[in-house]
Amino acid sequence: KEVRKINPTGKIYVVEGSAVSTKEAFKQLGYNKENLPEVDDFIALEKERGQMAEYGSDKLVKVKYPGNRYGNSELYYNKDYYYDVDYFITIPVLKNHWDAAVTGGIKNMSIGGTPANIYGQASGGYGRGYNNGKGINHDDPELRKWIHDYYICRPADFCVIDGIQGSQGGPTPMNTVGLGTDVKNYYMNMRLIVAGSDSVATDTIEALLTEWDPQSARYLDYLDESGLGNT
C-alpha cells in the first residue's frame, strides 16, 4: 500500500526463494491477489530459473565480479525479478541463524535470492546448501565471503526487517526445539520494525537486537570495508 501511494502505476512483485516449495509457502501464508490486491504477481524463484545447471538460460544474468572474496568471479542472478528490477525492497524476519549469525536483509538476498538451478545442491531441490561441491559452501568463512560477493553486485534499495515477532534458533524451530513442544523460547515478541536504505546498517542493528556481536557475522564488516554500508 505504501509503495502504491508513491507509484500508482508500476508493477509490484512479491518474490521469494524458499528452502521448500515457495508456491506452497505462498498458499499457506495467503499470499494471493484476494488478500494483497496491490501486488501484480507472486513469484516463486525456483519456477523462474531454467533447467538445472543451465548457465545460459535467458532467465539469468551473469555478472563478473573481479574483486571477489569467495573465489568465483562469475555470479548468476535471476534477470526479471531480481537483477533488473527498478527498485528492490528486501523484507526479512528478525532472527538469528546457526550458520550466518545474522540473517537479515542481506542474507535474505544472497541465499534465498539465488537461482536454485545454479546454486541448489541437487536437481529439483529448493535448498541452497552444499553437497559434493554443489551449491553454496556454508562453512566459515566461505559463507560470509559468498554473502558479501553476491550482495555487492546487486544491493537492495531499501530494507524492512519484520521484528513484530522475531525468532531465535534459526533458520527454523527444528534447530533448537521440536514443533509442538516448548516454543516459547523460540518466538520473540519484539514488536519492532527496522527499516532503512542501508541494509548493512539495518542488519547491524538487527544483530545488536538479537544480542549478537555484528562482527561475528563478518560479511557486515566486509561490506563496510567495500563501501556499501555502515556498521
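1. Helices here are DSSP runs of at least four residues, numbered from the N terminus. With that in hand, welcome to this predicted model. A good place to start is helix H1, residues 2-6, which holds both Lys5 and Glu2. The two are 3 residues apart, about one turn of the helix. They form a salt bridge whose closest N and O atoms are 3.0 Å apart, and both residues are exposed.

2. That pair is one example from a longer list, as the count comes to 10 salt bridges. In general, side chains of opposite charge can pair when their charged atoms come close. Another of these bridges joins Arg154 and Asp157, at 3.4 Å from N to O. Do take a look at how its two partners are placed: Arg154 has a relative accessible area of 9%, so Arg154 is buried, while Asp157, at 26%, is partly exposed. Elsewhere, Lys62, Lys64 and Glu74 are joined into one network by salt bridges that share partners.

3. A third bridge deserves a paragraph to itself. The side chains of Asp140 and Arg218 meet at 3.2 Å, N to O. This pair links distant parts of the chain, since Asp140 sits in the loop between S9 and H6 and Arg218 in the loop between H8 and H9, 78 residues apart. Asp140 is partly exposed because its relative accessible area is 43%. Arg218 also counts as partly exposed, at 31% relative accessibility.

4. Both partners of that bridge have something to show in the backbone too. Asp140 is joined to Pro141 by a cis peptide bond, with omega at about 10°. Pro141 is placed in the loop between strand S9 (134-135) and helix H6 (142-153). As for Arg218, phi is near 70°, a positive value in a residue other than glycine. The flanking helices of the Arg218 loop are H8 (214-217) and H9 (219-225).

5. Where else might you look for a positive phi? Arg191 has one of about 55°, although Arg191 is not a glycine. You will find Arg191 in the loop between strand S11 (187-188) and strand S12 (192-196). With a relative accessible area of 58%, Arg191 is over the 50% cut-off and therefore exposed.

6. Helix H7, residues 199-209, is worth following from end to end. At the N-terminal end, Asp198 acts as the cap: a side-chain oxygen of Asp198 lies 2.9 Å from the backbone nitrogen of Val200. The buried residues of H7 are Ser199, Val200, Thr202, Asp203, Thr204, Glu206 and Ala207. Just after H7 comes Glu211, with a positive phi of about 65°.

7. Now to the rings. The count of aromatic pairs comes to 13. One of them is Phe26 with Phe42: the ring centres are 6.0 Å apart and the planes stand at 65°, so the pair is edge-to-face. This pair links distant parts of the chain, with Phe26 in helix H2 (residues 22-29) and Phe42 in strand S2 (residues 41-44), 16 residues apart. Both Phe26 and Phe42 are buried.

8. Which residues form one aromatic cluster? They are Tyr70, Tyr77, Tyr82, Tyr83, Phe88, Tyr119, Trp146 and Tyr150. Try picking out these side chains together in the viewer. A further ring to find is that of Tyr222, where Arg69 lies over the face at 4.1 Å from the ring centre.

9. Finally, turn to the surface. Val3, Tyr87, Ile89 and Ile91 form a nonpolar patch there, and together they have about 370 Å² of accessible area. One member of the patch, Ile89, is found in strand S5 (residues 89-90). Why is Ile89 called partly exposed? The relative accessible area of Ile89 is 31%, and partly exposed covers the range between under 20% for buried and over 50% for exposed. Patch members need over 30% relative accessible area, so the 31% of Ile89 meets that cut-off.

Notes:
Residues numbered from 1 in each chain as written. Predicted model: local features only at pLDDT ≥ 70, side-chain atom pairs only at ≥ 80, totals over all residues. Heavy atoms only, no water. Patch = residues over 30% accessible without salt bridge, like charges linked within 9 Å, V, L, I, M, F, W, Y side chains within 5 Å. Areas by Shrake-Rupley, 256 points an atom, 1.4 Å probe, with all protein chains shown as cover. Salt bridge = Lys/Arg side-chain N within 4 Å of Asp/Glu carboxyl O. Buried < 20%, exposed > 50% of the residue type's maximum accessible area, 1.4 Å probe, protein only. Phe/Tyr/Trp six-rings, centres within 6.5 Å; stacked < 30°, edge-to-face > 60°. Lys NZ or Arg CZ within 6 Å of the ring centre and 35° of its normal. Polar contact = N/O pair within 3.5 Å; in protein donor to acceptor, adjacent residues only side chain to side chain.
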